[in-house]
Amino acid sequence: MQEPQSTGTKTEAGPAAVIVLAAGAGTRMKSRLPKILHPVGGVSMVGHALNAAQALHPRTLAVVVRHEREQVAEHVGTQQPGALIVDQDDVPGTGRAVQAAVEAIDALTPLEGTVVVTYGDVPLLEAATLRELVAVHNVDSNAVTVLTARVEDPTGYGRVLRAEDGTVTGIVEQKDATAEQLAVNEINSGIYAFDAAVLRSALAGVSTDNAQGEMYLTDVLAIARAAGGRVAAVVTTDQWQVEGANDRVQLAALNAEHNRRNLERWMRAGVTVVDPAATWIDSTVTLDEDVTILPGTQLHGTTTVARDAVVGPDTTLTNVSIGEGAKVVRTHGSDAVIGAGADVGPFAYLRPGTRLGERGKIGTFVETKNATIGTGSKVPHLSYVGDATIGEHSNIGAASVFVNYDGVNKHHTTVGSHVRMGSDNMYVAPVTVGDGAYSGAGTVIRKDVPAGSLAINVAPQRNLENWVPANRPGSAAAQAAERAQTQTSLSGTDIPTRESEQS
């Protein structure tokens, strides 16, 4: 089951162009990372904007850049490889940014039809809302259609001015507004649908004669209206869709709201989220019906979870594939595959390259890396398995270490199928253990073990009697030993001692 998608009215054909404005510096974010590259729900803000824009299937998708140009352009290329990158020049303002985009598109092919303008920092804006904007614009043959919202506190936003008949007469920015205009609570989202010819002509008449010294895109509305064009608005009741992030506080709020909406969609699609307030799921994660997510779980990246799997509590996974019916408890993992019916944790650490087969087990305090563990095989506890292949239905004893590094190079260990290895084994790679082999506890495997063999390190056990009283006189251990010897002497029995070889 794929991630649930929003639905909305679709137009027969996409707009001529969607222009995404992504040139701002975002200084209030106080970050070396450009503002629009900060993530919301695991995807950059501009990534969300590009996804919504591309969902309209425009003939041209243009992105206007300036601040940290190379970094932003490279990122845009990874999100939408076909996007046209447009550089804004030294003339400030959204009007100049859109004008630069129109000029760049015209240089390729004359721009005719509907042009949508949106922003790179409105990550909750949905494609369905943009479709509605375009549909209203086209059906009513508007010169300009603006997306607006009514809010309790409009401070900082441009105010939407209307005539008595409800048509939009203009938009005034906060710093240029009169006291009466500041009382208006309908705000401009900055998202528009334009007729291309109207936009091109009006931009030629936009000046920088205002409090900011910028080319305001909002001036296009008044120019279009004065020329006899119809200017209208589509009001969204969902203010979050037009919210941007100028600082870390607003970014956190957007992340929280995005996660709330994402979890709600998954729950309505058949996923059990026991405690949404203690759960995080990136927008790039895919879940099946009847998955259960327990509190304290974070799922990131391209993680996928199949039907009837249970994840959590207290689990963080990035780019991990979890098979049907698997259980993953108190585990940290990345770039790993967990087979159907497998068991992982608690307190397991799956490093990149881990592949656990169906009904396999990676248990308590086990770390794995570049390890393939076959169907039904188990590494139950207190072990490290690195650069290894383990066959099917084998068992690795507790406290085992795959010694894969010689100080210069990594080496591989291969363990066959139906193998039973003792506790506290060391596998000094490169080494191979054949099918059906066994090993004794404490074995250091330095050479290959043939199929069906028992590997042991034979060494006699020696007991040096009275070593503690002689070498640690006065210690608690010496005193305990002396008391035990006295009791033995009084009882008239001796504790047998012998030297023996342990197998």
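The exercises below, each followed by a worked solution, concern a predicted model.

**Exercise 1. The nonpolar cores**

Find which residues of the largest nonpolar core touch the most other members, and then list what Leu217 is in contact with beyond its neighbours within four places in sequence.

Solution. Begin with the core itself, which holds 68 residues, and look for the members that touch the most others: these are Ile19, Val98, Val144, Tyr192, Leu199, Leu217 and Val220. Next, take Leu217 and leave aside its neighbours within four places in sequence; the residues in contact with Leu217 are then Thr94, Gly95, Val98, Val117, Tyr192, Phe194, Leu199 and Leu203. Finally, note that there is a second, separate core of 46 residues, which includes Ile322, Ala326, Val328 and Val379.

**Exercise 2. Salt bridges and burial**

Decide for each partner in the salt bridge between Asp89 and Arg96 whether the residue is buried, partly exposed or exposed.

Solution. The search of the whole structure finds 20 salt bridges, and in the one between Asp89 and Arg96 the closest N and O atoms are 2.6 Å apart. To judge burial, recall that a residue is buried under 20% relative accessible area and exposed over 50%. Asp89 has a relative accessible area of 29%, so Asp89 is partly exposed, whereas the value for Arg96 is 12%, so Arg96 is buried.

**Exercise 3. Two pairs and their place in the chain**

Work out where the partners lie in the salt bridge of Arg261 with Glu257 and in that of Lys369 with Asp387.

Solution. Start with Arg261 and Glu257, whose closest N and O atoms are 2.6 Å apart. Both residues lie in helix 8 (residues 248–268), 4 residues apart, which is about one turn of the helix. Arg261 is buried, with a relative accessible area of 15%, and Glu257 also counts as buried, at 10%.

Then turn to Lys369 and Asp387, where the closest N and O atoms are 3.3 Å apart. Lys369 lies in strand 25 (residues 361–373) and Asp387 in strand 26 (residues 378–390), so this pair ties together parts that are 18 residues apart in sequence. Lys369 is buried at 9% relative accessible area, and Asp387 is buried at 11%. As a last step, follow the salt bridges that share partners: they join Asp238, Glu257, Arg260, Arg261, Glu264 and Arg268 into one network.

**Exercise 4. The largest pocket**

Describe the largest pocket by its volume, its lining residues and the elements that supply them.

Solution. The space in the largest pocket comes to about 1,600 Å³. Its lining has 48 residues, and those nearest its centre are Arg28, Lys35, Thr94, Tyr119 and Asn246. Sorted by kind, the lining residues divide into 19 nonpolar, 19 polar and 10 charged. Strand 1 (17–22), helix 3 (94–108), strand 10 (186–195) and helix 8 each supply at least two residues of this lining, and strand 10 gives the most, with 4 residues.

**Exercise 5. Backbone details**

Locate the cis peptide bonds that precede Pro313 and Pro346, and place Asp308, whose phi is positive.

Solution. One cis peptide bond joins Gly312 and Pro313, with omega about 5 degrees, and Pro313 sits in the loop between strand 18 (310–311) and strand 19 (315–322). Another joins Gly345 and Pro346, with omega about 0 degrees, and Pro346 sits in the loop between strand 22 (343–344) and strand 23 (348–350). Asp308, a residue other than glycine, has a phi near 70 degrees and belongs to the loop between strand 17 (304–305) and strand 18.

Definitions and conventions. Residues are numbered from 1 along each chain as its sequence is written. This is a predicted model: local features need pLDDT of at least 70, side-chain atom pairs count only at pLDDT 80 or more; totals for chains, interfaces and linings use all residues. Side-chain values use heavy atoms; hydrogens and water are left out. A nonpolar core is a set of buried Ala, Val, Leu, Ile, Met, Phe, Trp, Tyr and Cys residues joined through side-chain atoms within 4.5 Å. Buried means under 20% relative accessible area, exposed over 50%, partly exposed in between (1.4 Å probe, protein chains only). Contact means heavy atoms within 4.5 Å. A salt bridge is a side-chain nitrogen of Lys or Arg within 4 Å of a carboxyl oxygen of Asp or Glu. On a 1 Å grid over the protein atoms alone, a cavity is a set of points where a 1.4 Å probe fits but cannot get out, and a pocket is an open set with protein on both sides within 12 Å along at least five of seven lines; lining residues have an atom within 4 Å of a point. Grid points are joined across faces, edges and corners, and a volume is the space filled by probe spheres set on the points. Ala, Val, Leu, Ile, Met, Phe, Trp, Tyr, Cys and Pro count as nonpolar, Asp, Glu, Lys and Arg as charged, and the others, Gly among them, as polar.
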